[in-house]
Amino acid sequence: MTFPHSLISVMACMAVLPLHAEIRLEKEALDLRPEPLQNEIRTSVSFTNAGSESVKITRVKPLCDCTDASLKGGRKEYAPGEKGEIELTMRLGAFTGKIEKFVEIKSSDGRMQKLALRVDIPELMKVQPKALQWTVGQKPKAQEFTIEIDPKVALKLTDVSLVGSDFDYEPVTVIPGRKYRVVVTPKSTAKGAFNTLWIKTDSKDPRYAKRSFFLSVNPPRK
């Protein structure tokens, strides 16, 4: 019996192609934007066994303590073509602005993949700049922090304190609940100094309840 050449070629390819497993994530990165004052994010990502044999997911490991990850229903083994889902919870804590966290996914075929969680957390309280600096020998002129608060949350500045004793400071209310200034002046710039300024508000959210900022008198750059 003679087989067509094309059939022989297909049979030959089938004979040499090994069975394989392949977990294929629906997305390799999730872009997330929580609501203002949201404390945690719950989301999920789907995956498919795109291979030709069953595969087990042996590990789903977040690389940050702020994140939990688990296989939906606790299932670990998936047949060819079968879909699954990884459920994710991220606690936002004191994070603000743009952050990126990762989850490692390891399967029985030896592959290790990383899922990225890219989170853009609204900054409802913006402080500029992040630090104030002077140079040794420079005239000790006043500089200031500006604190601007989003109208979605009216926060009152309740306390300003200094860890150290090398600077004078004065909080100024520009618009109650909306805008404040803290004017800072070195007592001397004759030598180096480093203090920490703390501001506290009436917010119960850890992202906005308190913030710290650095004040320094630095040696001249060479």
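Q: Is R118 buried, partly exposed or exposed in this predicted model, and what is its relative accessible area?
A: This is a predicted model. Buried means under 20% relative accessible area and exposed means over 50%. R118 falls in between, so it is partly exposed, with a relative accessible area of 36%.

Q: Which side chain meets R118 in a salt bridge?
A: Side chains of opposite charge can pair when their charged atoms come close. The salt bridge at R118 has an N to O distance of 2.7 Å. The partner is D31.

Q: How many residues apart are D31 and R118?
A: D31 sits in strand β2, residues 29–32. R118 sits in strand β9, residues 112–121. The pair links distant parts of the chain, and the separation is 87 residues.

Q: Is D31 buried or exposed?
A: The cut-off for exposed is over 50% relative accessible area. D31 has 57% relative accessibility, so D31 counts as exposed.

Q: Where does R33 lie, and where does its salt-bridge partner D120 lie?
A: The side chains of R33 and D120 meet at 3.0 Å, N to O. Their positions are 87 residues apart, so this pair too links distant parts of the chain. R33 is in the loop between β2 and β3 (40–49), and D120 is in strand β9.

Q: What relative accessible area does D120 have?
A: Its partner R33 counts as exposed, at 57% relative accessibility. D120 is partly exposed. Its value is 26%.

Q: Which residue meets E82 in a salt bridge?
A: The structure holds twelve salt bridges, and E82 takes part in one at 2.8 Å, N to O. E82 is partly exposed, with a relative accessible area of 25%. The partner is partly exposed at 37%. That partner is R75.

Q: Which strand supplies the largest share of the largest nonpolar core?
A: This core has 26 residues. F47, I57, I86, L88, V103, L115 and V119 touch the most other members. Several strands each supply at least two residues, including β1 (23–25), β4 (55–62) and β7 (83–91). The largest share is four residues, and it comes from β9.

Q: Which residues is I57 in contact with, leaving aside neighbours within four places in sequence?
A: I57 is one of the core members that touch the most others. Its contacts beyond those neighbours include K76, Y78, K106 and S107. Also among them are I23, F47, L71 and I105.

Q: How many residues does the other core hold?
A: Another core lies apart from the largest one. Its members include I149, V160, F167 and L215. The count is 24 residues.

Q: What is the angle between the planes of F145 and F213?
A: A pair of aromatic rings is described by the distance of the centres and the angle of the planes. F145 and F213 lie 5.2 Å apart, centre to centre. F145 is in strand β12 and F213 in strand β17, so the pair ties together parts 68 residues apart in sequence. The pair is tilted, at 40°.

Q: Which ring pairs with F194?
A: The pair is tilted, at 5.3 Å centre to centre and 35° between the planes. F194 lies in strand β16 and its partner in strand β17, so parts 20 residues apart in sequence are tied together. F194 counts as exposed, at 53% relative accessibility. The partner is F214.

Notes: Residues numbered from 1 in each chain as written. Predicted model: local features only at pLDDT ≥ 70, side-chain atom pairs only at ≥ 80, totals over all residues. Heavy atoms only, no water. Salt bridge = Lys/Arg side-chain N within 4 Å of Asp/Glu carboxyl O. Buried < 20%, exposed > 50% of the residue type's maximum accessible area, 1.4 Å probe, protein only. Core = buried A, V, L, I, M, F, W, Y, C linked by side-chain atoms within 4.5 Å. Contact = heavy atoms within 4.5 Å. Phe/Tyr/Trp six-rings, centres within 6.5 Å; stacked < 30°, edge-to-face > 60°.
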